[in-house]
Amino acid sequence: MDEILQNLCTCGICHEPVNYAKKLKCQHVFCHECLIGYITQYLGQTSFPCPVCSYKHVPQEPETEVGESMLSNLEEDSLTRSLCQFYSQENERPALPTDDGVFAPLCSFHPRIRCSYYCEACNSLACIQCKRNMHHGCNLLAITKTMATVCYNRIRQISSDLDAVVSQTQLIHGKLTSKLEHAIPDRENTESTVKAYYADLKEKVVNYLCQQEEMILKKARKLEEKEKMHLERDVSVCSSLLASLDNQQKLAIALLLQTSMKPSQNMVVAGDLSKNVLSFGDVLPLLESDLTKSFDLRFMINTELEDKLTNSDIVNIEVIDSCHSGPYAVTVNDEESDDVFHDQLANVTTAPQTDSHEGDEDSLPTYGSVVQHPSLLLHRSSDSSSFPRPVPTAPPLPRQQEMDVTDVPHMQPSAPPLPEAVDNANYAVVHTESEPHVSPSVDVLVTTSTRDGIVGLTYKEYVDIQLSGDINVPFVVAIATVGETFVLIDKSNYCMKVLSQHGALLNVYDFGYVEPWDVAAISEEECVVTAPKQKQLLFLSDPGLKQGEETSVRKALTTGQYAHIAFHKESQHLIACRCPPFCATRIDLIDLQGRVRRKISLDYCTNPRNIVVTNSFDIIVSDLGMSKVIFFKSDDSTAIHKKDFIGHAAVSLAKPQGIAIVNELDLVMLLDKRNGDVSVTSFSGQMKKVLRNQISVDGSVEEDYQMCTNIDGTTLAVTKTDGFVSLYEIEYSYLPFATQI
């Protein structure tokens with residue numbers, strides 16, 4: 001099994017274990033970055049050859065040349081991904097027994113819950129939470145002992161299908177090999193015909209005819225070499241297909257012997273094998289078409305020899321039928337020489353690699369499937385809803401005395417506050433906001449104050465965002481402050497809902513069939529939404545209808561599968577996070593044209609959520625799988641320092657979820673779902689305070705929480721996945737200071 005995995009999961013360019021596997025139409029698998037770097041060399045050309053077998057890949061209509069769209073639409077190899085996920089010793093997830101004694105892995109979305117179902121439509125495993133939130137309308141198969149029998153029969157059928165494809169490929173391979181040996185059956189007759197014609201004219205125009213003869217013979221030989229080169233590559237492609245089929249056939253046989261051990265995992269791999277059987281079948285007709293063609297040349301002779309001998313070609317060659325000139329040519333362009341092709345192939349590993357979604361902003365595709373949602377009514381209570389809604393516990397318990405856990409005292413002002421009375425007769429102390437009535441000769445000392453720290457939260461109200469037009473119960477996955485509004489992402493209803501700072505509904509935007517995951521503010525009148533399944537970043541204008549126009553998608557970037565996102569205003573960079581189930585965890589720093597400027601590895605993070613960025617470019621991410629919050633501190637353009645925050649000696653985080661920042665005070669608020677505690681830390685992760693039982697939570701229910709502050713930092717909005725939004729007033733301590741006027 002290890003040898004099979006090595007053959008199937010090795011990049012054809014760097015020959016290392018594949019990373020983010022992508023495959024070409026000829027079924028060869030490569031690392032995403034390796035393949036992008038290789039194809040980039042052929043930008044602007046009509047095709048590019050496979051680095052392994054030289055199969056000619058052409059752009060899909062209406063594209064006519066290799067471009068950015070071809071780079072961004074590379075197909076993911078789901079078979080390699082599934083093998084690395086279920087059979088790689090480094091990545092294999094732990095498995096727990098079901099009630100029937102069948103072992104099933106832990107869920108990639110919910111790492112503490114065992115998978116209980118197999119979804120044939122999605123070809124993936126699902127836990128009970130995934131079934132409720134992500135597989136609406138899917139026919140799920142329970143993981144039981146009977147699945148081993150079902151899986152065995154399915155793999156047995158796939159193995160039979162692979163046998164049939166192998167037989168067909170071997171037949172075509174044999175015929176192509178035979179044809180290659182007799183590719184040019186009448187070459188001598190072709191040359192003698194040309195020589196005989198020019199022999200009669202040599203005495204009159206010896207020099208000219210010699211040049212013509214040599215030119216025509218050179219063209220004929222070049223066409224013959226092209227024909228042989230094409231057939232050689234056909235044979236190479238066929239040989240490579242046989243090798244791939246042999247590996248996958250061995251895999252199918254190996255899986256037959258292990259269906260009782262990992263039936264659910266094998267069902268996923270079986271689904272991938274089934275797709276590959278169809279893909280192999282798409283390539284074979286293209287190869288088989290060359291068997292029906294016979295190399296034949298036509299010589300078109302100029303009969304007006306005496307009049308045009310000195311200024312025209314007497315003989316030209318026309319290709320009547322050949323392999324290399326057909327519409328399904330499996331070779332490089334006619335303009336490319338063998339030397340150029342081999343030079344490019346040799347340099348592929350040293351070529352600079354670029355990211356797949358670099359492109360010109362002006363040429364970005366439109367997003368026609370996104371439509372404006374009709375106006376809907378916002379329900380403040382569950383009585384008028386068509387779905388049974390749980391009512392949250394409100395208001396929260398009275399706030400207990402906050403606990404200061406820092407060993408160092410808070411920073412003190414440079415001088416104590418001024419007393420209520422001032423002995424100096426030249427000053428008058430004013431405490432009111434009205435203009436003081438003083439004589440021109442008397443100076444005025446006005447005492448004001450500035451925020452010093454967070455001391456507590458006061459419950460204000462809650463809002464139920466379920467609408468009368470919603471198809472499903474809301475499933476809120478993200479919240480962000482855009483201008484003077486709160487923007488929420490309702491994933492189950494494929495829409496964005498916009499609330500005022502007081503909880504009033506302002507706008508609803510329907511994404512059609514695009515599934516949104518996260519949102520971040522770009523400016524006070526624009527936000528960006530992630531759609532990882534569609535590999536898109538959507539830039540929406542005026543979500544709060546501030547300008548009186550309908551919200552619209554101003555731009556759609558085709559990017560990687562980013563699930564979570566934040567935006568740093570000063571650098572104009574998006575901080576985008578990749579995570580399971582789409583790919584391995586990683587943070588990319590992206591400009592507004594979609595180009596990746598920097599990458600931060602998150603190999604130590606299992607389930608990242610709630611990514612935020614501060615004004616000083618500190619990146620903060622919560623890891624639900626490891627129950628910690630990760631602080632990234634950047635000293636310069638290259639260095640990154642990481643710090644894990646798991647709580648304090650007296651306060652340990654159990655279920656960190658919501659993260660909100662107060663840039664004015666360089667403070668971060670972290671919500672612990674277990675008990676509603678809010679930990680207040682600095683941007684570097686140093687604990688400042690713990691506000692006990694400030695947020696009303698129900699730790700016994702599988703609900704996720706998100707939170708953010710409004711634009712002036714006076715209100716904290718906390719969302720639950722079930723669609724309830726609670727608003728809290730943030731209470732601050734103040735430092736007084738005086739100003740002479």
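This report describes strands, ring contacts, charged pairs and cysteines in one protein structure. The model is predicted, and every value below is computed from it.

**A buried strand and its two neighbours**

A useful place to begin is strand β18, which covers residues 485-490. Six of its six residues are buried, so β18 is largely enclosed by the rest of the structure. The burial applies to both faces of β18, with T485, V487 and I489 buried on one side and F486, L488 and D490 buried on the other.

Strand β17, made of residues 476-482, runs antiparallel to β18 and is joined to it by six bridges, and within this pairing V482 stands opposite T485. The two strands form a hairpin with two residues between them, and G483 in that turn has a positive phi of about 65 degrees. Strand β19, residues 495-500, is likewise joined to β18 by six bridges and runs antiparallel to it, with V498 in β19 as the bridge partner of V487. β18 and β19 also form a hairpin, here with four residues between them, and Y494 in the turn has a positive phi of about 55 degrees.

**An open sheet of four strands**

Further along the chain, four strands make an open sheet in the order β25-β26-β27-β28, and their pairing is antiparallel. β25 (562-568) and β28 (596-601) stand at the edges with a single partner strand each, so one side of each is left without a neighbour in the sheet. On average, and with direction ignored, neighbouring strands of this sheet are turned by 20 degrees against each other. β25 and β26, the latter spanning residues 573-578, run antiparallel and are joined by six bridges, and A566 stands opposite I575 in β26.

**Salt bridges**

Side chains of opposite charge can pair when their charged atoms come close. A search of the whole structure finds 19 salt bridges, including the three in the table.

| Salt bridge | Closest N to O distance |
|---|---|
| K599 and E33 | 2.1 Å |
| E526 and R554 | 2.7 Å |
| D677 and R692 | 2.8 Å |

In the salt bridge between K599 and E33, K599 lies in strand β28 and E33 in helix α2 (residues 32-40), so the pair ties together parts that are 566 residues apart in sequence. K599 counts as partly exposed at 35% relative accessibility, and E33 is also partly exposed, with a relative accessible area of 33%. These two residues belong to a network of salt bridges that links E33, R578, R586, D588 and K599.

In the salt bridge between E526 and R554, E526 lies in strand β22 (residues 526-531) and R554 in strand β24 (residues 552-558), and the two residues are 28 apart in the chain. E526 is buried at 12% relative accessibility, whereas R554 is partly exposed at 45%.

The salt bridge between D677 and R692 links two loops, with D677 between β34 (667-672) and β35 (678-682), and R692 between β36 (687-691) and β37 (705-709), 15 residues apart. Here D677 counts as buried at 4% relative accessibility, while R692 counts as partly exposed at 23%.

**Aromatic rings**

The structure holds six aromatic pairs. One of them joins Y42 and F48 in a tilted arrangement, 6.5 Å centre to centre and with 40 degrees between the planes; Y42 and F48 are both buried. Another joins Y509 and F511 edge-to-face, 5.5 Å centre to centre and with 65 degrees between the planes. Y509 counts as buried at 3% relative accessibility, and F511 is buried at 0%. Ring pairs also link Y38, Y42 and F48 into a cluster.

Charged side chains meet rings as well. The charged end of K491 sits over the ring of W517, 4.0 Å from its centre, and that of K555 sits over the ring of F539, 4.6 Å from its centre.

**Cysteines without disulfides**

A disulfide is a covalent bond between the sulfur atoms of two cysteines. A search of the whole structure finds zero disulfides. For C50, the nearest cysteine sulfur is that of C26, 3.5 Å away, which lies outside the 2.5 Å cut-off for a disulfide. The closest cysteine sulfur to that of C115 is in C107, 4.8 Å away and too far for a bond. C50 counts as buried at 0% relative accessibility, and C115 counts as buried at 1%.

Definitions and conventions. Residues are numbered from 1 along each chain as its sequence is written. This is a predicted model: local features need pLDDT of at least 70, side-chain atom pairs count only at pLDDT 80 or more; totals for chains, interfaces and linings use all residues. Side-chain values use heavy atoms; hydrogens and water are left out. Buried means under 20% relative accessible area, exposed over 50%, partly exposed in between (1.4 Å probe, protein chains only). Two strands pair if DSSP finds at least two bridges between them. Axes are lines fitted to C-alpha atoms, for helices over the stretch in contact, and angles run from 0 to 180 degrees between N-to-C directions. Rings of Phe, Tyr and Trp (its six-membered ring) pair if their centres lie within 6.5 Å; planes under 30 degrees apart count as stacked, over 60 as edge-to-face and the rest as tilted. A charge sits over a ring if NZ of Lys or CZ of Arg is within 6 Å of the ring centre and within 35 degrees of the ring normal. A salt bridge is a side-chain nitrogen of Lys or Arg within 4 Å of a carboxyl oxygen of Asp or Glu.
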